[in-house]
Every structure is written in structure tokens, then in C-alpha cells.
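Here is a set of questions about how the descriptive terms for a protein model are justified. Each answer sets a value against the cut-off that the term depends on.

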Amino acid sequence: MHNLKNKIITLKTIEKEKKQKGLFYAIIEGSFASMMTSFGTGYINPYAINALKSEALINSLLTYLPQFLSSLSQLFSGWLSDKFGKRKEIVIICVFLQSVSWLVLFWATYFIHNTFLLLFIYTLGWVIGYFGNTPWTSWLGSLIPERQKGRYLGFRNRILSLAALISSIIAGLLLHKLSSMSVFFAFGVLFHLAFICRFLSYIFLKKQYEPEYQPSNKIESPVSFRAFFSNNNYLKFIIFHSFLNFFVSFSSGLFSVFAMRDLKYSYFEFMCLVVTPLFTSLIFFPFWGKLSDKYGSLYTYKLSALPLFAITAIWYLSQNFYLIIVSLLISGFAWSGIMQSAQSVFYDNVKEIDRNRVYSTGTMFTGVGMILGAILGGILADYLISISNIILISTLLRFLILPVLFTGFIKEAKPVKKSPSVLLIYSTGITGFLIDEARIAYKKVFRKKSKFSGD
């Protein structure tokens with residue numbers, strides 16, 4: 001009996017070590033995935049605008065059509081993962097194919113200068129790459145200890161933001177320097193780097209541990225929504241989140257066109273716009289993670305969504321480069337919280353056995369909101385009104401929908417501490433966090449110096 005207990009303890013220890021190693025690899029592969037986004041996705045719109053002379057609608061579609069179609073594909077990927085009990089195999093195949101798609105995208109559009117060809121290949125590569133997003137989300141959730149989800153996601157997202165920040169700066173500088181030689185050569189370098197980064201992500205995903213996965217015995221068809229609609233609270237959250245994304249995508253897909261075509265920003269200035277939100281997200285991911293663990297994921301979502309209307313308001317009121325930088329600082333602060341807390345809301349509301357199906361369905365509804373907003377905004381910008389007026393409409397819509405969050409329409413899924421007021425968090429809470437971060441950073445620097453100065 002004693003030996004049996006020792007064996008059980010040993011097996012649990014081995015399982016725990018494998019999970020910890022898996023979480024470490026999840027950070028590494030995620031970092032390379034973020035770098036792919038910086039070198040490729042982050043500069044697909046400038047490539048369309050400056051190399052292929054695209055219109056506003058094409059740029060809106062480049063931003064949101066891939067997300068919409070990949071959200072539809074999540075329905076099938078979740079079903080496939082559950083039916084065959086496979087998560088890792090699906091994910092690594094998709095990531096490998098996405099890495100190759102960057103080579104196909106560049107060389108096809110290099111020889112055939114066509115914006116619809118660019119849209120087709122980019123969308124196809126994105127859909128294939130993120131087909132595995134549902135099983136990946138389920139896989140990652142099975143690795144993270146229940147009480148540490150907010151902290152781990154905050155830490156992981158900070159590392160991913162750092163990787164994205166550094167690679168975005170490198171991408172912008174390369175584009176600034178190389179574009180004088182040839183605009184196609186400059187973007188070709190970036191897209192080949194995107195291929196390399198995603199391929200490295202594929203390598204580390206192959207190394208990552210996957211716990212034993214037992215899907216539901218009753219496997220529904222790909223279009224069944226039973227698990228999703230039976231979760232009333234998460235259903236309400238997705239309805240709100242989808243409307244919010246509709247109002248956001250109405251204008252955000254046009255920001256690249258507005259900056260490069262209307263405001264005549266250089267590649268260097270555009271790079272500054274790209275990296276600015278990454279900088280604030282890098283700082284605040286741990287803040288949102290701690291807040292989510294302490295006061296709840298929904299409370300954190302409410303706080304992070306509040307500044308969204310201010311972002312577009314600044315773009316509309318002033319086209320001063322430095323004020324727009326301020327708006328993007330706010331954007332990084334807000335979206336780092338929204339992304340992280342939305343993921344935590346999902347984990348809090350949905351049991352692991354249902355996560356594949358529920359996540360895929362929720363992603364589909366969010367994608368519908370995004371693509372409808374993007375199409376409407378793009379058509380209006382090309383044929384009816386200015387991008388500046390579209391930004392104004394988006395500001396008003398965001399301002400009108402945000403109060404719904406505070407009506408009690410959606411409930412916190414888990415019991416948490418009584419949450420402080422919004423004003424308290426936005427004043428003393430954020431200030432206290434920044435002071436703590438500065439103190440920790442100072443101690444790390446000081447310790448490093450003392451380590452070498454003593455010899």
C-alpha cells in the first residue's frame with residue numbers, strides 16, 4: 001500500500017513537471033508566433049497600400065475577413081478535435097502550413113500585382129494557421145493551474161508583447177532602410193522573417209506536452225450549438241463582445257489607410273504607431289492578470305473596455321502625430337486587458353469538457369461582428385463618407401454600448417472579493433502597480449550590479 005502511494009505521488013510529480021515544461025514551451029512558441037505577427041500581419045496593410053495600391057475596402061477586409069473565416073473554421077476544428085480526441089496534432093499541422101503561406105503570399109503577389117490575390121492567399125494562410133486555435137485554447141487551459149490562470153496569462157502575454165515589440169521595431173527599421181532600394185524587396189525580407197518565426201513556433205509546439213484529453217462521449221455535429229446556448233451567462237458575454245467588436249472594426253480596419261494615405265506618414269512613423277500599443281500592453285498585462293485573479297475576470301473586462309471610445313475620439317479631434325501616439329498608448333492599455341480578461345471569462349464560465357465547442361461557437365459570433373463592421377466601414381470610406389467621419393461614428397457607438405456592461409446584464413462566474421470602484425482602480429490602483437513595477441525593476445538592476453561589483 002505504501003509503495004502504491006509512492007508511485008501515485010511520483011506520477012503526480014512527473015505530470016506536474018511535464019505541465020510546467022509545457023507552459024514554458026507555450027511562452028517560447030507564443031513569442032515566435034508574436035514575432036510572425038510583427039513581421040507579417042502587422043505590415044500586410046502597408047504592403048497592400050504602397051506596393052499594390054489597394055482601396056480602403058480591401059484593407060478593411062485584410063484586417064477582418066481572415067478573422068471572420070477563421071472563426072467559422074473554429075466550429076469544425078473543435079468538432080474534429082473532440083471526435084478524434086486530438087488537439088496537438090491538429091495544431092502543429094496548421095502552424096506548419098501557415099508558416100509556408102508567407103512564402104507563397106510574397107512570391108505570388110511579387111509576380112502578379114493583384115490585391116484580390118493578396119487577400120485570398122493571406123486569408124487562406126490565416127484560416128489554416130488559426131484553424132487549430134480552438135484545440136490550442138483547450139490544450140493550454142489543461143496545462144495552467146486553476147488558481148494561477150490570470151497570473152500565468154498575464155506573464156505569458158507580457159513576454160509575447162515584449163517579443164512583438166522588439167520584432168516590430170526591427171521590422172519598421174528594416175522597412176524604413178530597405179524601401180529606398182525596392183518596396184518589394186523590403187516587404188519580401190519581412191515576410192520571409194515571418195515564415196522563419198512561425199516555423200520556429202511549429203518546432204516548439206512539437207516539443208510541448210499535452211495532458212491526456214477526454215472529450216465528451218456525445219460528439220455533436222460541427223454546427224450544433226447545444227453547449228454554447230446552454231451556458232446563459234457566457235452567451236450574454238459573447239453577445240456584448242460581438243457588438244463591441246462590430247463597433248471597433250467599423251473604423252479600426254481603416255487606420256492604416258488613414259495614417260499612410262491621408263496623413264502621409266512615413267514607414268518610420270507607421271512603425272511608431274505599431275509599437276506604441278505593444279509598449280503599454282507589455283507593462284499592463286500583469287496588472288490585468290492580478291486584477292482578474294483578485295476581483296474577477298468580468299470586472300477586469302469592464303475596466304479595460306472603458307477607454308475604448310477615447311482612442312477613436314483622439315483620432316477624430318486631432319491628427320497630431322504625438323496625440324495619436326497617446327491614443328495608441330491607451331489602446332495598448334485597454335486591449336491588453338480585454339484580450340486577457342475575455343479569455344479568463346471563457347475559462348471561468350466553461351468546463352473543460354465543453355471548451356472546444358463553446359470557444360469555437362463564441363469565436364464565430366465575434367467574427368461575424370468584426371466582418372460586418374469592417375465591410376460597412378470599408379464601403380462607406382470608398383464611396384460615401386470620409387474615414388474621419390467613420391472614426392467619429394465609431395466613437396459614438398463605442399460610447400453608447402459600454403454602459404451596458406454595468407447594468408448587471410452579465411454576471412461574474414466565480415465568487416470573488418468585493419470589487420473597488422472604477423475610479424479607485426484608475427487612480428491609486430494603476431499608480432500603485434506602476435510604483436511596484438518600478439521598484440521591482442530597480443531591485444533587479446541593483447542586484448545585478450552588486451553581483452559583479454563585489455569581485
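**Reasoning from values to terms**

In this predicted model, helix 14 (residues 308–317) and helix 15 (residues 321–349) pack at an angle of about 160°, with their axes 9 Å apart.

Q: Why is helix 14 called roughly antiparallel to helix 15?
A: Angles over 145 degrees count as roughly antiparallel, and the axes of helix 14 and helix 15 meet at about 160°, so helix 14 is described as roughly antiparallel to helix 15. The crossing of these two helices is left-handed.

Q: What makes the contact between Arg156 and Glu29 a salt bridge?
A: The term requires a side-chain nitrogen of Lys or Arg within 4 Å of a carboxyl oxygen of Asp or Glu, and the side chains of Arg156 and Glu29 meet at 3.4 Å, N to O, so the pair qualifies. A search of the whole structure finds 1 salt bridge.

Q: Which parts does the pair of Arg156 and Glu29 tie together?
A: Arg156 belongs to helix 7 (residues 149–178) and Glu29 to helix 1 (residues 2–39), so the pair links parts that lie 127 residues apart in sequence.

Q: How do you know whether Arg156 and Glu29 are buried or exposed?
A: Buried means under 20% relative accessible area. Arg156 has a relative accessible area of 7% and is therefore buried, and Glu29, with a relative accessible area of 5%, is buried as well.

Q: What makes helix 2 (residues 44–51) mostly covered?
A: Of the 8 residues in helix 2, 7 are buried, namely Ile44, Asn45, Pro46, Tyr47, Ala48, Ile49 and Ala51.

Q: What is notable about phi of Lys53, and is Lys53 buried or exposed?
A: Phi of Lys53 is near 55°, a positive value in a residue other than glycine, and this residue sits just after helix 2, in the loop between helix 2 and helix 3 (56–84). The cut-off for exposed is over 50%, and Lys53, with a relative accessible area of 64%, is therefore exposed.

Q: What makes helix 11 mostly covered, and which of its residues are buried?
A: In helix 11, 6 of its 8 residues are buried, and these are Phe255, Ser256, Val257, Phe258, Ala259 and Met260.

Q: Why is Lys264 called exposed, and where is Lys264 found?
A: Lys264 has a relative accessible area of 63%, set against a cut-off of over 50%, so Lys264 is exposed. Lys264 is found in the loop between helix 11 (255–262) and helix 12 (267–295), and has a positive phi of about 60° although it is not a glycine.

Q: Why is Val104 called partly exposed?
A: The relative accessible area of Val104 is 45%, and partly exposed is the range between the buried cut-off of under 20% and the exposed cut-off of over 50%, so Val104 is partly exposed. Val104 has its place in helix 4 (residues 88–111) and, with Ile93, Phe96, Leu97 and Val100, makes a nonpolar surface patch of about 390 Å².

Q: How do you know that Gly296 counts as buried?
A: Gly296 has 3% relative accessibility where the cut-off is under 20%, so Gly296 counts as buried. Gly296 is found in the loop between helix 12 and helix 13 (297–305), and its C-alpha is 9.5 Å in space from that of Lys418, although the two residues are 122 residues apart in sequence.

Technical notes:
Residues numbered from 1 in each chain as written. Predicted model: local features only at pLDDT ≥ 70, side-chain atom pairs only at ≥ 80, totals over all residues. Heavy atoms only, no water. Patch = residues over 30% accessible without salt bridge, like charges linked within 9 Å, V, L, I, M, F, W, Y side chains within 5 Å. Areas by Shrake-Rupley, 256 points an atom, 1.4 Å probe, with all protein chains shown as cover. Helix = DSSP H or I, 4+ residues; strand = E, 2+ residues; numbered from the N terminus. Buried < 20%, exposed > 50% of the residue type's maximum accessible area, 1.4 Å probe, protein only. Axes fitted to C-alpha atoms, helices over the stretch in contact; angles between N-to-C directions. Parallel < 35°, antiparallel > 145°, perpendicular 65-115°, else oblique. Left-handed = near helix turned anticlockwise from the far one by under 90°.
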